[in-house]
Amino acid sequence: MDIGGAYGGGKAGGAFDPIAFVQRPTVILRAVCWLFAIIVFGCVSSEGWREEANGKEYCIINRDGNACNYAVGIGVIAFLASMGFIAGEYLFEQMSSVKTRKHYVLADLGFSGFWSFLFFIGFCYLTNQWCKADDPPNGEGVNNVQASIVFSFFSIFSWAGCAYFAFLRFKAGVDPSFSSTLLAAYVLSKQLVMCPREVFCNTVRVWMTG
């Protein structure tokens with residue numbers, strides 16, 4: 001990973017390394033967001049609705065159709081956005097314009113922060129409605145709804161993490177000294193990862209003992 005370019009990205013025109021790409025924390029976190037989104041909307045869309053005797057469908061989350069629609073809505077958009085941002089991570093290295101990189105980073109920061117907030121709202125909303133709901137017949141759909149709620153909670157932190165990484169990129173772009181600090185931290189962490197076990201352990205002991 002080369003963080004010597006503008007806004008924490010590599011220099012434009014550099015060779016693409018697929019192994020290094022999939023090992024980036026931002027790409028890994030986006031993949032996690034993508035997986036969580038599938039669980040959130042997939043569980044509700046598959047088992048969150050039941051059909052009454054008259055043929056009318058209802059949401060098993062306290063018969064609140066808005067609750068089911070909310071979970072599916074934020075999940076589907078998060079799913080699509082995660083794929084879009086993963087593609088954006090690849091294109092980011094090809095962006096030669098500093099202004100374009102800045103716009104991408106700001107869009108990432110704004111969207112990720114906002115979607116973390118929406119998942120927080122969704123978690124609170126779904127939990128509140130689910131606790132008021134009657135038990136579904138034969139317990140059908142219980143595990144799915146609860147999985148959707150749990151992964152809505154996890155998504156708060158995964159999207160907040162994406163926003164944090166975007167903030168670091170933005171900070172590196174507007175503050176050269178921060179960029180140098182970020183580069184030094186990256187080099188140090190890479191050296192620690194690749195160093196022999198004894199050196200690693202001794203270094204950690206020094207940090208822990210002050």
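In this report, a residue counts as buried when its relative accessible area is under 20%, exposed when it is over 50%, and partly exposed in between, using a 1.4 Å probe and protein chains only. Glu47, for instance, is partly exposed, with a relative accessible area of 28%.

Before going further, some ground rules. This is a predicted model, in which local features need pLDDT of at least 70 and side-chain atom pairs count only at pLDDT 80 or more, while totals for chains, interfaces and linings use all residues. Residues are numbered from 1 along each chain as its sequence is written, and side-chain values use heavy atoms, with hydrogens and water left out.

## The overall picture

The protein chain has seven helices and two strands. Helices (H or I, at least four residues) and strands (E, at least two) are DSSP runs, numbered from the N terminus. Walking along the chain from that end, you meet the elements in the order α-α-β-β-α-α-α-α-α.

Of the 210 residues in the protein chain, 36% count as buried. A contact here means heavy atoms within 4.5 Å. Among contacts in the protein chain with a separation of 6 or more, 73% come from residues 24 or more positions apart. As for the outside, the accessible surface of the protein chain comes to about 11700 Å², and 65% of that belongs to carbon and sulfur atoms. Such areas come from the Shrake-Rupley method with a 1.4 Å probe, and for residues only the protein chains shown count as cover.

## Charged pairs

Side chains of opposite charge can pair when their charged atoms come close. The rule used for a salt bridge is a side-chain nitrogen of Lys or Arg within 4 Å of a carboxyl oxygen of Asp or Glu. By this rule the count comes to five salt bridges. Here are three of them.

| Salt bridge | Closest N to O | Relative accessibility |
|---|---|---|
| Arg24 and Glu89 | 3.7 Å | Arg24 10%, Glu89 1% |
| Arg30 and Asp108 | 2.1 Å | Arg30 2%, Asp108 4% |
| Glu47 and Arg50 | 2.8 Å | Glu47 28%, Arg50 15% |

Salt bridges that share partners join Arg24, Glu89 and Arg169 into one network. Which parts of the chain does the salt bridge between Arg24 and Glu89 tie together? Arg24 lies in the loop between helix H1 (18-22) and H2, and Glu89 in helix H3, so the pair ties together parts that are 65 residues apart in sequence. Arg30 and Asp108 form a salt bridge too, and this pair links distant parts of the chain, with Arg30 in helix H2 and Asp108 in helix H4, 78 residues apart.

Thr26 belongs in this scene as well. Thr26 sits in helix H2 and is buried, at 14% relative accessibility. Leaving aside residues up to four places away in sequence, Thr26 touches Glu89, Phe165 and Arg169.

## Rings

A pair of aromatic rings is described by the distance of the centres and the angle of the planes. Rings of Phe, Tyr and Trp (its six-membered ring) pair if their centres lie within 6.5 Å; planes under 30 degrees apart count as stacked, over 60 as edge-to-face and the rest as tilted. This rule gives 16 aromatic pairs.

Why does the pair of Phe111 and Trp115 count as stacked? The ring centres of Phe111 and Trp115 are 4.8 Å apart and their planes are at 10°, so the pair is stacked. Phe111 and Trp115 are four residues apart in helix H4 (residues 98-132), about one helical turn. Phe111 is partly exposed at 24%, whereas Trp115 is buried at 8%.

Now for another pair. The rings of Phe153 and Phe157 have their centres 5.2 Å apart and their planes at 75°, so this pair is edge-to-face. Both lie in helix H5 (residues 142-174), again four residues and about one turn apart. Phe153 is partly exposed at 32%, and Phe157 is exposed at 52%.

One aromatic cluster is formed by Phe85, Phe92, Tyr104, Phe111, Phe114, Trp115 and Trp159. Arg169 lies over the face of Phe92, at 4.3 Å from the ring centre. A charge sits over a ring if NZ of Lys or CZ of Arg is within 6 Å of the ring centre and within 35 degrees of the ring normal. Likewise, the charged end of Arg63 sits over the ring of Tyr58, 3.9 Å from its centre.
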